[in-house]
Amino acid sequence: MLNAITIVTLFSALSFLFYGLSCLTSKRMTLEFKRFGLSKQQQLLTGILQLVGGIGLAIGYYQSQMLAAISAAGLAILMLLGFFVRLKIKDSLVLSAPALMYALLNIYLALRFFN
């Protein structure tokens with residue numbers, strides 16, 4: 001039976017795998033990064049970091065709590081930066097909330113795995 005930490009970890013890992021791939025392949029994401037005032041290189045870096053973080057979180061959950069903790073912390077930082085970018089361009093709280101939610105979720109995971 002799956003416990004809450006397993007569900008939250010897999011949810012986060014799968015979300016970042018999906019969004020990382022989307023970031024690297026989706027024209028809609030390219031338009032979003034332009035709207036954010038970010039370059040194509042920053043979009044590429046973001047997508048790669050999301051993929052690496054998602055993979056690290058999934059593998060770390062099963063193999064190494066330290067890898068899971070580092071991955072979750074990295075994803076939390078990435079999402080905090082995303083949240084601040086959205087605030088900077090004056091997106092609404094509704095549009096900014098998912099980035100903050102993922103940041104808080106991954107802060108929780110990092111703390112759980114570091115302990």
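## A walk from the salt bridges to the pocket

At 17% relative accessibility, arginine 86 counts as buried, so select this residue to begin the tour. Keep in mind as you go that you are looking at a predicted model.

**Stop 1: around Arg86**

Show the side chain of arginine 86 together with that of aspartate 91. The two meet in a salt bridge, at 2.5 Å from N to O. Aspartate 91 has 12% relative accessibility, so it counts as buried too, the cut-off being under 20%.

Now add glutamate 32 to the selection. Its side chain forms a salt bridge with that of arginine 86, and here the N to O distance is 3.6 Å. Which helices does this pair bring together? Arginine 86 sits in helix H4 and glutamate 32 in helix H2, so the salt bridge ties together parts that are 54 residues apart in sequence. Both arginine 86 and glutamate 32 are buried.

One more residue to pick here: arginine 35. Its side chain meets that of aspartate 91 in a salt bridge of 2.7 Å, N to O. Arginine 35 belongs to helix H2, while aspartate 91 is in the loop between H4 and H5, so this pair links parts 56 residues apart in sequence. Is arginine 35 buried, exposed or something in between? With a relative accessible area of 37%, arginine 35 is partly exposed.

If you wonder what is behind such contacts, side chains of opposite charge can pair when their charged atoms come close.

Keep the four residues on screen together. Aspartate 91 meets arginine 86 at 2.5 Å, and salt bridges with shared partners join Glu32, Arg35, Arg86 and Asp91 into one network. The whole structure holds four salt bridges.

**Stop 2: the largest pocket**

Leave Arg86 selected, and add Phe36, Gln50, Met79 and Gly82. What do these residues have around them? The largest pocket holds about 760 Å³ of space. It is lined by 27 residues, and the closest to its centre are Phe36, Gln50, Met79, Gly82 and Arg86. So Arg86 turns up at this stop as well as in the salt-bridge network.

Next, colour the helices one by one. Which of them help to line the pocket? At least two lining residues come from each of H1 (4–25), H2 (27–36), H3 (40–63), H4 (65–88) and H5 (93–114). And what kinds of residue make up the lining? By class, there are 18 nonpolar residues, five polar and four charged.

**Stop 3: the loop between H4 and H5**

Back to the loop that holds aspartate 91. Select lysine 90, which is in the loop between H4 and H5. Its phi angle is near 65°, a positive value in a residue other than glycine. Lysine 90 has 72% relative accessibility, so it counts as exposed.

Isoleucine 89 is another residue of this loop between H4 and H5. Isoleucine 89 is partly exposed, with 26% relative accessible area. Try a distance from its C-alpha atom to that of valine 8: the two are 81 residues apart along the chain and separated by 30 Å.

Then move on to leucine 93, in helix H5. Its relative accessible area is 62%, so leucine 93 is exposed. From leucine 93 to tyrosine 19 you cover 74 residues in sequence and 20 Å in space, C-alpha to C-alpha.

**Stop 4: the loop between H2 and H3**

Select leucine 38, which you will find in the loop between H2 and H3. Leucine 38 has a relative accessible area of 25% and is partly exposed. For one more distance, pick leucine 49: it is 11 residues from leucine 38 in sequence, and the C-alpha atoms are 15 Å apart.

**Stop 5: a nonpolar patch on the surface**

For the last stop, switch on the surface and select Leu24, Leu44, Ile48 and Val52. These residues form a nonpolar patch there, and together they have about 330 Å² of accessible area. Which helix gives the largest share of the patch? Helix H3 does, with three residues.

Finish on valine 52, which is in helix H3. Is valine 52 buried or exposed? At 53% relative accessibility, valine 52 counts as exposed, because the cut-off for that is over 50%.

Conventions:
Residues numbered from 1 in each chain as written. Predicted model: local features only at pLDDT ≥ 70, side-chain atom pairs only at ≥ 80, totals over all residues. Heavy atoms only, no water. 1 Å grid on protein atoms, 1.4 Å probe; cavity = no way out; pocket = protein on both sides within 12 Å on 5 of 7 lines; lining within 4 Å. Points joined across faces, edges and corners; volume = space filled by probe spheres on them. Helix = DSSP H or I, 4+ residues; strand = E, 2+ residues; numbered from the N terminus. Nonpolar A, V, L, I, M, F, W, Y, C, P; charged D, E, K, R; others polar. Patch = residues over 30% accessible without salt bridge, like charges linked within 9 Å, V, L, I, M, F, W, Y side chains within 5 Å. Areas by Shrake-Rupley, 256 points an atom, 1.4 Å probe, with all protein chains shown as cover. Buried < 20%, exposed > 50% of the residue type's maximum accessible area, 1.4 Å probe, protein only.
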